[in-house]
Amino acid sequence: MSVEAHKCNVIDCKGFIVFENADFDYKNPPTVNGMYEFDDPKCTECGKEYKVVPHHAVIALDEHEDIELVESACITQFEKREQVRSFENEIMPYEKVKKFIQLRRYTYSPEEVIARYTNYKNGEYVSHTMKDCIKNLTPELERLAPF
Ligand SMILES: [Zn+2]
């Protein structure tokens, strides 16, 4: 038993429902408002609340109080998504370049990308992966590159 992740069932939400299941007491499940309930985690992105119940299903309640099962996910999917969010929410240009490189698992240093961006603007050839960095980081590189 460990950390468990499920995908949020809200359309267009890429968030996850994440919770620790190690302490669940199946022989004596806790109750909330007369219903067995181990936990009430929220989506990491849209905040929708879910309930973890003793038969170990993750359910969503819609406005009609209908129960819907949600898709389970592995924790590495969640971690990958958190990396993407961390990149998307980064406001410091240098950190953003660094996070993009990590996300793509490239071996460049941020300095290398900044330097190659200047070369690229001067019409020099850059590799496919470097072009990928430049394409996704143009506003940041514009701020970081020396004139
Ligand atoms: Zn969500």
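What follows is a chat about a predicted model of one chain, its domains, sheets, helices and cores.

Visitor: Is this model predicted or something else, and which domains does the chain have?
Guide: The model is predicted. The domain assignment gives domain 1, residues 3–74, and domain 2, residues 90–144.

Visitor: How many Å apart are the C-alpha centres of the two?
Guide: The C-alpha centres of domain 1 and domain 2 lie 39 Å apart.

Visitor: OK, sheets. What is the strand order in the one with strand 8?
Guide: That open sheet has 3 strands in the order 2-1-8, and the pairing is antiparallel.

Visitor: Which strands stand at its edges?
Guide: Strand 2 (16–20) and strand 8 (72–73) do. Each has a single partner strand, so one side of each is left without a neighbour in the sheet.

Visitor: How many bridges join strand 1 to strand 8?
Guide: There are 2 bridges between strand 1, residues 3–7, and strand 8. As an example, His6 has Ser72 in strand 8 as its bridge partner.

Visitor: What packs on that sheet?
Guide: Helix 1, residues 75–89, packs on it and touches strand 1, strand 2 and strand 8. The direction of helix 1 makes about 70° with that of strand 1.

Visitor: And the sheet with strand 6, what order does that have?
Guide: The order is 5-6-7, in an open sheet of 3 strands with antiparallel pairing. Strand 5 and strand 7 are the edge strands, and each pairs on one side only.

Visitor: How many bridges hold strand 6 to strand 7?
Guide: Strand 6 and strand 7 (residues 67–69) are joined by 3 bridges, and Ile59 has Leu69 as its bridge partner in strand 7. On the other pairing, strand 5 (residues 51–52) and strand 6 (residues 58–61) are joined by 2 bridges. There, Val52 has Val58 as its partner in strand 6.

Visitor: Which residue takes a positive phi in the hairpin of strand 6 and strand 7?
Guide: Glu65 does, with phi near 65°. This hairpin has 5 residues between the strands.

Visitor: Changing topic. Which residues make up the largest nonpolar core?
Guide: It has 10 residues in all: Phe87, Val97, Phe100, Ile101, Val113, Ile114, Tyr117, Cys133, Leu137 and Leu141. Helix 2 (93–104), helix 3 and helix 4 (128–144) each supply at least two residues of this core. A second, separate core has 9 residues, including Ala5, Phe16, Tyr50 and Val52.

Visitor: What does Tyr117 touch?
Guide: Leaving out residues up to four places away in sequence, Tyr117 touches Ile134, Leu141 and Ala145.

Visitor: Which residues of helix 3 are buried?
Guide: The buried ones are Pro110, Val113, Ile114, Arg116 and Tyr117. They pack against helix 2 and helix 4.

Visitor: Why would residues three or four places apart point the same way?
Guide: An α-helix has 3.6 residues a turn, so residues at that spacing face the same way.

Visitor: How far does helix 3 reach?
Guide: Helix 3 has 12 residues and reaches 17 Å from its first C-alpha to its last. That is close to the 16 Å expected at 1.5 Å a residue.

Visitor: What about Asn119 in helix 3, why does it count as partly exposed?
Guide: Asn119 has 13 C-beta neighbours inside 10 Å, so it counts as partly exposed; a buried residue would need 20 or more. Asn119 touches Glu124 and Val126, again leaving out residues up to four places away in sequence.

Visitor: Last one. Which residue with a positive phi follows helix 3?
Guide: Gly123, and its phi is near 90°.

Key:
Residues numbered from 1 in each chain as written. Predicted model: local features only at pLDDT ≥ 70, side-chain atom pairs only at ≥ 80, totals over all residues. Domains from an automatic or database assignment. Buried ≥ 20, exposed ≤ 12 C-beta atoms within 10 Å, placed from the backbone. Contact = placed C-beta atoms within 7 Å. Core = buried A, V, L, I, M, F, W, Y, C linked by C-beta atoms within 7 Å. Helix = DSSP H or I, 4+ residues; strand = E, 2+ residues; numbered from the N terminus. Expected span 1.5 Å × (residues − 1). Pairing = 2+ DSSP bridges. Axes fitted to C-alpha atoms, helices over the stretch in contact; angles between N-to-C directions.
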